[in-house]
Amino acid sequence: MKLWLSRPSLRRYSAQVQPSAPDAGVKAWFLGTSSVLLSDGHTAVLSDGFVTRPGLARVLFGRIAPDTRVVRAAIERLGTPPLAAVVCVHSHYDHALDAPVWASLTGAELVGSESTANVGRGLGVPEESLRVVGAGDVLTCGGFELTFVESDHSPGDRYPGTVDAALVPPGRSREWRTGTVYSVFVSHRCGTLLLHASAGFRPGALHGTHADVVYLGVGGLGRQPVRYVEAYWDEVVRATGARRVVLVHWDDFFISLDQPLRPMPYPADDLDATMRHLSALAARDDVEVLLPVAWQPADPFASSGQT
């Protein structure tokens with residue numbers, strides 16, 4: 001019996017934890033939620049960069065703002081090469097709240113929709129550092145090539161719409177509206193990965209594409225019917241031919257990153273159901289499914305040691 005506000009235990013998935021790889025050609029750091037930093041030792045790119053993680057009460061009833069000290073501490077902790085781009089896969093606060101601060105502190109471009117650009121404008125990111133992209137656009141950052149495909153948010157989008165003017169924090173969480181949702185292919189000589197942070201899809205949008213690895217958003221997936229989970233897997237993982245899936249957006253992002261990552265409590269999501277359904281699909285398609293560890297460098301393209 002699942003007790004109110006209890007959570008799945010990560011211990012049962014210990015065999016699926018992504019191993020550390022400090023000497024990889026391309027290293028990936030998971031920063032919780034859907035934030036992933038990629039570096040090849042010369043250039044780095046970041047998706048979202050959401051590290052402030054305000055608590056649930058503040059998100060529901062108060063006003064939120066990025067914490068520059070937390071972002072600066074994250075930059076110092078990672079110690080990566082120069083950051084070329086901060087890419088927001090959509091503009092909800094758990095993706096775009098801190099992105100302008102990363103851009104301002106590092107000199108990186110802030111990349112995303114016009115809604116993301118307005119989030120950046122609200123925090124004073126100069127126009128020359130804002131890059132609005134559309135479907136099919138390609139951005140080159142050192143050895144990385146980023147290609148943008150429009151997608152859909154997962155079912156139950158709480159804050160649909162667009163950010164139509166500069167968003168100056170603090171503000172209500174609902175002010176960070178979705179904007180355009182992107183899947184982002186990141187190609188490098190070491191391989192190609194797909195950043196697909198939201199558990200939604202557009203039928204056929206990824207057909208004919210290829211990725212070695214998918215960073216797959218599973219937020220809310222445990223509350224979806226099995227037929228939806230199967231369609232999601234087929235439209236994102238099978239469509240790209242990926243042999244490895246790294247799960248993102250499964251952790252409770254109301255908890256500070258100073259604490260160990262924990263799954264969302266059962267009323268919000270069900271990681272056990274997600275893992276059960278995805279494991280069956282992965283076994284069918286001979287795909288490896290991994291859970292990343294916060295702050296730990298991993299090799300997204302490492303040879304598979306399990307299936």
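In this predicted model, C141 has F144 as its bridge partner, and F144 sits in β8. The strand β8 covers residues 144-151, and four bridges tie β7 to β8, with the two running antiparallel. These strands belong to a bigger picture: an open sheet of seven strands, laid out in the order β7-β8-β9-β10-β11-β12-β13, with mixed pairing. At the edges are β7 (138-141) and β13 (288-290), each of which pairs on one side only. Going from one strand to the next, the twist averages 20°.

Back to the cysteines. A look through the whole structure for disulfides turns up zero. C141, for its part, is in no disulfide, and the nearest cysteine sulfur belongs to C88, 14 Å away. That distance rules out a pair, because the two sulfur atoms would have to be within 2.5 Å. C141 counts as buried because its relative accessibility is 5%, and the cut-off for buried is under 20%. C190 is in no disulfide either; its nearest cysteine sulfur is that of C141, 16 Å away. With a relative accessible area of 30%, C190 is partly exposed.

Elsewhere, there is a nonpolar patch on the surface. L56, L60 and F61 make up this patch, which comes to about 330 Å². One of its members, L60, lies in helix α1, which spans residues 56-61. L60 counts as partly exposed because its relative accessibility is 42%, a value that falls in between the limits of 20% for buried and 50% for exposed.

Conventions. Residues numbered from 1 in each chain as written. Predicted model: local features only at pLDDT ≥ 70, side-chain atom pairs only at ≥ 80, totals over all residues. Heavy atoms only, no water. Patch = residues over 30% accessible without salt bridge, like charges linked within 9 Å, V, L, I, M, F, W, Y side chains within 5 Å. Areas by Shrake-Rupley, 256 points an atom, 1.4 Å probe, with all protein chains shown as cover. Salt bridge = Lys/Arg side-chain N within 4 Å of Asp/Glu carboxyl O. Buried < 20%, exposed > 50% of the residue type's maximum accessible area, 1.4 Å probe, protein only. Pairing = 2+ DSSP bridges. Axes fitted to C-alpha atoms, helices over the stretch in contact; angles between N-to-C directions.
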